[in-house]
Amino acid sequence: MSKQKWVIGLVVLLSVFGLALYPFLSSSLAVSRLVDEMGARTNPEDKQSESMKHVVLIAQELDNPFWRMIEEGAKQRAALSNMEIQYVGPIRINAEEQLKLLEKAIASKPDAILAQGINDPAYNELVSKAIDQGIPVVTVDSDAPSSRRLAYVGTDNLEAGKRMGELVLSHAELEGKIGVIIGSEQAYNQKLRLEGFESVMAEHPDYEVVDVRSSNISRIEAARQAQEMLRTHPDLTAMIGFSAWDAVGMVEALQSEHREVRVFGFDDVEATKRAIAEGKIAASLVQQPREIGATAVAVLQQIFEDKPFPATAFTSTQVIRP
């Protein structure tokens with residue numbers, strides 16, 4: 001009998017303890033459910049953050065207006081593609097600094113790199129290093145076809161040179177000697193523009209390219225080289241600039257030398273547009289840098305999604321005149 005009372009007492013005690021413990025267990029379960037619900041709401045964002053692609057864009061010159069527009073186009077397209085663009089570049093045009101930035105970018109292990117192509121074995125080695133580490137490299141503005149880059153996005157520079165030749169030919173009064181200034185002898189895009197231009201001129205013996213010089217994409221250097229060109233060839237009928245500041249430098253040299261020679265330029269920096277409006281530059285062939293940036297990011301999206309992508313994606317150009 002005493003044993004039965006002991007069992008009944010134990011059952012009553014456990015029941016009382018269970019009733020006392022129930023509110024605590026219920027509260028704990030509710031908190032656990034709330035944490036799970038919060039996790040369910042935040043996890044998609046965490047996953048999105050984790051899946052966001054980090055892309056390094058290496059400019060030729062950090063605050064160059066052309067490259068800033070490439071950056072703008074790239075970032076606008078990246079915002080729609082779950083990508084983050086890190087924009088870097090040398091303060092002044094410096095190929096060695098670009099190579100250092102490329103090496104640094106590779107070391108940071110980004111998901112991809114957009115960079116101007118450089119005609120240098122060291123550049124090719126760095127591109128190979130990136131590719132071997134699974135980092136896609138796409139060249140923009142200027143290609144590096146001898147490297148292992150996956151794609152090039154930018155102007156068809158050979159055709160741009162030919163189009164410039166056709167612009168000059170449309171002015172029959174310019175038959176005679178022509179002077180050309182390019183941005184750099186090492187830049188592949190400049191080489192192609194000159195090659196395309198000379199191929200058109202070669203078919204018209206009444207037009208002769210008598211001098212080709214380099215400005216290092218500097219307005220001051222373009223003016224200096226143009227001045228020397230004018231003094232060496234006093235009978236020039238036309239001057240052609242193949243990088244952004246060349247035509248503006250030519251105009252300054254002509255004013256200094258009190259000469260009148262027809263000038264043709266490339267791109268549309270503000271000084272070029274003003275000179276065209278004033279009739280000091282006959283025409284300029286203009287690239288579309290925002291389109292270059294946006295198209296480059298679109299190509300990367302195809303690469304990331306393991307879809308077919310173009311090895312070459314040419315962007316548009318247009319001619320501006322007075």
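Helix H2 (65-78) and helix H6 (188-201) each contribute at least two residues to the lining of the largest cavity, and H6 provides the largest share, namely three residues. These features belong to a predicted model, in which the chain folds into ten helices and twelve strands. The points below take up the cavities, then the chain as a whole, and then the salt bridges.

**The largest cavity**

- The structure contains two cavities of 30 Å³ or more, and the largest of them has a volume of about 160 Å³.
- A total of 16 residues line the largest cavity, and among these Gln60, Asp141, Asn189, Ile217 and Asp267 are the closest to its centre.
- Sorted by class, the lining of the largest cavity is made up of six nonpolar, seven polar and three charged residues.

**The second largest cavity**

- The second largest cavity encloses about 30 Å³ of space, and its lining consists of Ile58, Gln98, Leu102, Ala115, Gln116, Ile118 and Tyr123.
- Five nonpolar and two polar residues make up the lining of the second largest cavity, with no charged residues in it, whereas the lining of the largest cavity includes three charged residues.

**The chain as a whole**

- The chain has 322 residues, of which 46% count as buried, and its exposed surface comes to about 16700 Å², with carbon and sulfur atoms supplying 53% of that area.
- Among the contacts in the chain with a separation of 6 or more, 70% are between residues that lie 24 or more positions apart.

**Salt bridges: the overall count and the pair Arg68 and Asp63**

- The model has 18 salt bridges, and one of them joins the side chains of Arg68 and Asp63, with an N to O distance of 2.7 Å.
- The two partners fall into separate accessibility classes, because Arg68 is partly exposed at a relative accessible area of 31%, while Asp63 counts as exposed at 55%.
- As a general point, side chains of opposite charge can pair when their charged atoms come close.

**Salt bridges within helices**

- In helix H5 (residues 157-169), Glu159 and Lys162 are three residues apart, so about one helical turn separates them, and they form a salt bridge whose closest N and O atoms are 3.6 Å apart.
- Both partners of this pair are partly exposed, with a relative accessibility of 41% for Glu159 and 28% for Lys162.
- In helix H7 (residues 219-232), Glu228 and Arg224 are four residues apart, so that these two residues are also separated by about one helical turn, and in their salt bridge the closest N and O atoms lie 2.9 Å apart.
- Glu228 is partly exposed, with a relative accessible area of 32%, and Arg224 is likewise partly exposed, with a value of 39%.

**A salt-bridge network**

- The pair formed by Glu228 and Arg224 does not stand alone, since both residues belong to a network of salt bridges that also links Asp211, Arg213 and Glu221.
- Where does this network meet the helix described above? Glu228 and Arg224, which are among the linked residues, lie in helix H7 (residues 219-232).

Technical notes
Residues are numbered from 1 along each chain as its sequence is written. This is a predicted model: local features need pLDDT of at least 70, side-chain atom pairs count only at pLDDT 80 or more; totals for chains, interfaces and linings use all residues. Side-chain values use heavy atoms; hydrogens and water are left out. On a 1 Å grid over the protein atoms alone, a cavity is a set of points where a 1.4 Å probe fits but cannot get out, and a pocket is an open set with protein on both sides within 12 Å along at least five of seven lines; lining residues have an atom within 4 Å of a point. Grid points are joined across faces, edges and corners, and a volume is the space filled by probe spheres set on the points. Ala, Val, Leu, Ile, Met, Phe, Trp, Tyr, Cys and Pro count as nonpolar, Asp, Glu, Lys and Arg as charged, and the others, Gly among them, as polar. Buried means under 20% relative accessible area, exposed over 50%, partly exposed in between (1.4 Å probe, protein chains only). Contact means heavy atoms within 4.5 Å. Accessible areas come from the Shrake-Rupley method with a 1.4 Å probe; for residues, only the protein chains shown count as cover. A salt bridge is a side-chain nitrogen of Lys or Arg within 4 Å of a carboxyl oxygen of Asp or Glu.
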